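Let's walk through this fold together, starting with a bit of vocabulary and then moving from the overall layout to individual side chains. Keep the viewer open as you read.

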Amino acid sequence: MGKRGRDPPPNDSIFNQDPEFFEIFLPNRISRQLRIPPDFIKHFDQKIPEKIVLKDVLGRVWHVDVNREKTGVFLKNGWNRFVKEKSLELGQFMVFRYNRRSSSFTVRLFGKNACMDEDQESRKPLINSVKDEQESDLESTPMPKTKRKYCRKSPNFA
């Protein structure tokens, strides 16, 4: 008779992905710096980088300094810019996935509705393009800031 229970997960399962941690955005606590959870530090393999790259789901990047202090390891210079440019709001849920090879975190943001939150401001190009002098007034009028929210089905659930 066969063994009862679950088969071990395959090597390419979600259990072998890059390490992650989450943080809930509380402006009065983490708008100027973000403390990396102490138990997460082991994923740096004893080599805490001096700089880290944050990437959003659209591929934009932010360069952030990493500071080791008595009270922990913090994302500092550059973190505030990320907070401002992503227009983080109280209660947003952030998931940080660490890529050891590139010393980078891919950051996914979720709104208070528990759905992935992709702000339209992230679609701005990193380098401002030169506007054509022929551009009409309508085309150069700034668009109001809007957010698109969506929920994705997890590939693991039917």
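Contact here means heavy atoms within 4.5 Å. This is a predicted model, in which local features need pLDDT of at least 70 and side-chain atom pairs count only at pLDDT 80 or more, while totals for chains, interfaces and linings use all residues. Residues are numbered from 1 along each chain as its sequence is written, and side-chain values use heavy atoms, with hydrogens and water left out.

Start with the overall layout. The protein chain has three helices and nine strands; these are DSSP runs numbered from the N terminus, with helices (H or I) of at least four residues and strands (E) of at least two. Going along the sequence, you get the pattern β-α-β-β-β-β-α-β-β-β-α-β. Among contacts in the chain with a separation of 6 or more, 58% are between residues 24 or more positions apart. The accessible surface comes to about 11,900 Å², and 51% of that belongs to carbon and sulfur atoms; the areas come from the Shrake-Rupley method with a 1.4 Å probe, and for residues only the protein chains shown count as cover. Of the 158 residues, 32% count as buried. Buried means under 20% relative accessible area, exposed means over 50%, and partly exposed is in between (1.4 Å probe, protein chains only).

Now for the inside. In soluble globular proteins, nonpolar side chains tend to be buried together. A nonpolar core is taken as a set of buried Ala, Val, Leu, Ile, Met, Phe, Trp, Tyr and Cys residues joined through side-chain atoms within 4.5 Å. The largest one has 25 residues, and those with the most contacts inside it are Leu54, Leu75, Trp79, Met94, Phe96 and Phe105. Strands E2 (34–36), E3, E4, E5 (72–75), E6 and E7 (104–110) and helix H2 (79–85) each supply at least two residues of this core. Click on tryptophan 79: leaving aside its neighbours within four places in sequence, its contacts include Leu34, Leu54, Val64, Met94 and Phe96.

Next, follow strand E6 (residues 93–99), where you find phenylalanine 93. Is phenylalanine 93 buried or partly exposed? Phenylalanine 93 counts as partly exposed because its relative accessible area is 29%. Beyond its neighbours within four places in sequence, phenylalanine 93 is in contact with Phe22, Glu23, Ile24, Arg108, Leu109 and Phe110. Lysine 112 is 19 residues away from phenylalanine 93 in sequence, with 7.5 Å between their C-alpha atoms. Asparagine 99 is also found in E6, and its side chain reaches the backbone nitrogen of arginine 101 at 2.9 Å.

One of those partners, isoleucine 24, lies in strand E1 (residues 20–24) and is partly exposed, at 36% relative accessibility. Isoleucine 24 joins Phe22, Leu26 and Leu90 in a nonpolar surface patch with about 350 Å² of accessible area together. Patches are built from residues with over 30% relative accessible area and no salt bridge, joining like charges within 9 Å and nonpolar side chains (Val, Leu, Ile, Met, Phe, Trp, Tyr) within 5 Å.

On to the charges. Side chains of opposite charge can pair when their charged atoms come close. A salt bridge needs a side-chain nitrogen of Lys or Arg within 4 Å of a carboxyl oxygen of Asp or Glu, and the structure holds nine. In one of them, lysine 86 meets aspartate 56 at 3.0 Å, N to O. That pair links distant parts of the chain, 30 residues apart: lysine 86 is in the loop between H2 and E6, and aspartate 56 is in the loop between E3 and E4. Both lysine 86 and aspartate 56 are buried.

Within helix H2, arginine 81 and glutamate 85 form a salt bridge with their closest N and O atoms 2.7 Å apart. They are separated by about one helical turn because they sit four residues apart in the helix. Glutamate 85 also makes a side-chain polar contact with arginine 60 (3.0 Å). A polar contact is a pair of N or O atoms within 3.5 Å; within protein, one must be able to donate a hydrogen and the other to accept it, and residues adjacent in sequence count only if both atoms are side-chain atoms. Arginine 60 lies in the loop between E3 (51–55) and E4 (61–69), and counts as buried because its relative accessible area is 11%.
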